Amino acid sequence: MVKRVLITGGTGFIGSALARRLIANDVTPVRLLGRDFSRSGALPTSGVEAVSADLRDAPKVLEACRNVDTVFHIGALSSPWAAGGKREFYDVNVTGTDNVLEGCRKMGVRRMVYVSSPSVVFDGQDHQNLTEDAPYPKRFASAYSWSKKIGEDRVNAAAQAGLETIILRPKAVFGPGDTSLLPRLLTAAAAGRLPQIGNGGNKVDLTYVDNVIEALCLSQAASERALGRTYTITGGESAALWGVIGHLLRSVGLSDRLRRIPVRAALVAAGLMEARAALLRREPLLTRYSALILARTQTYDISAARELLGYKPVVTLADGIERTIASLRQTR
């Protein structure tokens, strides 16, 4: 019987890009689990099996794991804020991961690749060349980060029980098809609501989407010595975040003259916005987590991925930015 690849979050930015790569590489059949296939027009028309389901729907997730060899668990609630607060993040990112792991166990799935986030070790301070050995913070910067850390715990426990696992933490993924990271910034700038938070000197590692897909594909074929480990994935280059943002703004015809706000003032304002948003049950313009992400240096050491997965970025930061700008110009 033919074994399938299952991608949760299959209609999302990373999931759909992975599906396209696998189909192009003749890895079939590919089963996609997602909630909204109305936006999956860019997916191949052959070799793809669509399963419309929410990660919280345990029976459907279990059935989606039938006759599957490898699960790429990419689906998650990854917004900076949710009306349901910590409970909603837990239900999707933890309970959803529990459901996927149970499906792997009951259906005899061989390997699971779990997409997490470097935010699980972010404590709101500057970090330079951080490795995967960095400890989890005593207090998480967001409910999302907290929920993804618990998800990592669940996956590591499954590895101890015999499932082949790899955890990837891609940082700041961008590229054509992204609907959250850069588009959010551009929308805010177009409305005159994007301030520069901090002095603008913070450096970050950005990851073009094709580099994440490369790491995912390598994880599917990784040898035994690479299993049961966590890998941070970046493009291997750091850049001044606000310099990149300024370049993007100018390239799409927006002003890069942003008012500057000290980090402390931004955090106070974001806290007030969050309190108001909780009453109105709609996303605030700025969260404290987003303010810190935009203000702090966040760079990472990807030596482990290079050595054990054989990972090497396939698209440079400069090329990725130019490809993204070209795509943004077409859609604006």
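**Exercise 1.** Is Arg281 buried or exposed?

*Solution.* The model is predicted, and the place of Arg281 in it is the loop between helix 8 and helix 9. The relative accessible area of Arg281 is 55%, and exposed means over 50%, so Arg281 is exposed. The backbone of Arg281 can be added to this picture, for its phi is positive, at about 55°, although Arg281 is not a glycine. Most residues other than glycine have a negative phi.

**Exercise 2.** Find out how helix 8 and helix 9 are placed against each other, and which residues make their contact.

*Solution.* Begin with the axes: those of helix 8 (residues 263-280) and helix 9 (residues 288-295) come within 8 Å and cross at roughly 155°. An angle over 145 degrees counts as roughly antiparallel, and therefore helix 8 is roughly antiparallel to helix 9. The crossing of these two helices is right-handed. Next, list the residues: helix 8 contributes Val263, Ala266, Leu267, Ala270, Gly271 and Glu274, while helix 9 contributes Arg288, Ala291, Leu292 and Ala295. Sorted by character, the residues of this contact divide into seven nonpolar, one polar and two charged.

**Exercise 3.** Work out the order of the strands in the open sheet, and explain why strand 3 and strand 12 each have one side without a neighbour.

*Solution.* The open sheet is formed by seven strands in the order 3-2-1-4-5-7-12, and their pairing is parallel. Strand 3 (48-52) and strand 12 (229-233) stand at the edges, where each has a single partner strand, so one side of each is left without a neighbour in the sheet. On average, neighbouring strands of this sheet are turned by 20° against each other, direction ignored. To look at one pair in detail, take strand 2 (residues 30-34), which runs parallel to strand 3 and is joined to it by five bridges; in this pair, Leu33 stands opposite Val51 of strand 3.

**Exercise 4.** Name the strands across which helix 3 lies.

*Solution.* Helix 3 (residues 85-107) lies across strand 1 (4-8), strand 4 (68-73) and strand 5 (111-115). With respect to strand 5, helix 3 runs at about 165°.

**Exercise 5.** Describe Asn129 by its place, its exposure and its phi.

*Solution.* Asn129 lies in strand 6, which covers residues 127-130. With a relative accessible area of 52%, Asn129 is exposed. The phi of Asn129 is near 55°, which is a positive value in a residue other than glycine.

Definitions and conventions
Residues are numbered from 1 along each chain as its sequence is written. This is a predicted model: local features need pLDDT of at least 70, side-chain atom pairs count only at pLDDT 80 or more; totals for chains, interfaces and linings use all residues. Side-chain values use heavy atoms; hydrogens and water are left out. Two strands pair if DSSP finds at least two bridges between them. Helices (H or I, at least four residues) and strands (E, at least two) are DSSP runs, numbered from the N terminus. Axes are lines fitted to C-alpha atoms, for helices over the stretch in contact, and angles run from 0 to 180 degrees between N-to-C directions. Contact means heavy atoms within 4.5 Å. Angles under 35 degrees count as roughly parallel, over 145 as roughly antiparallel, 65 to 115 as roughly perpendicular and the rest as oblique. A crossing is left-handed if the near helix is turned anticlockwise from the far one by less than a right angle, and right-handed if clockwise. Ala, Val, Leu, Ile, Met, Phe, Trp, Tyr, Cys and Pro count as nonpolar, Asp, Glu, Lys and Arg as charged, and the others, Gly among them, as polar. Buried means under 20% relative accessible area, exposed over 50%, partly exposed in between (1.4 Å probe, protein chains only).
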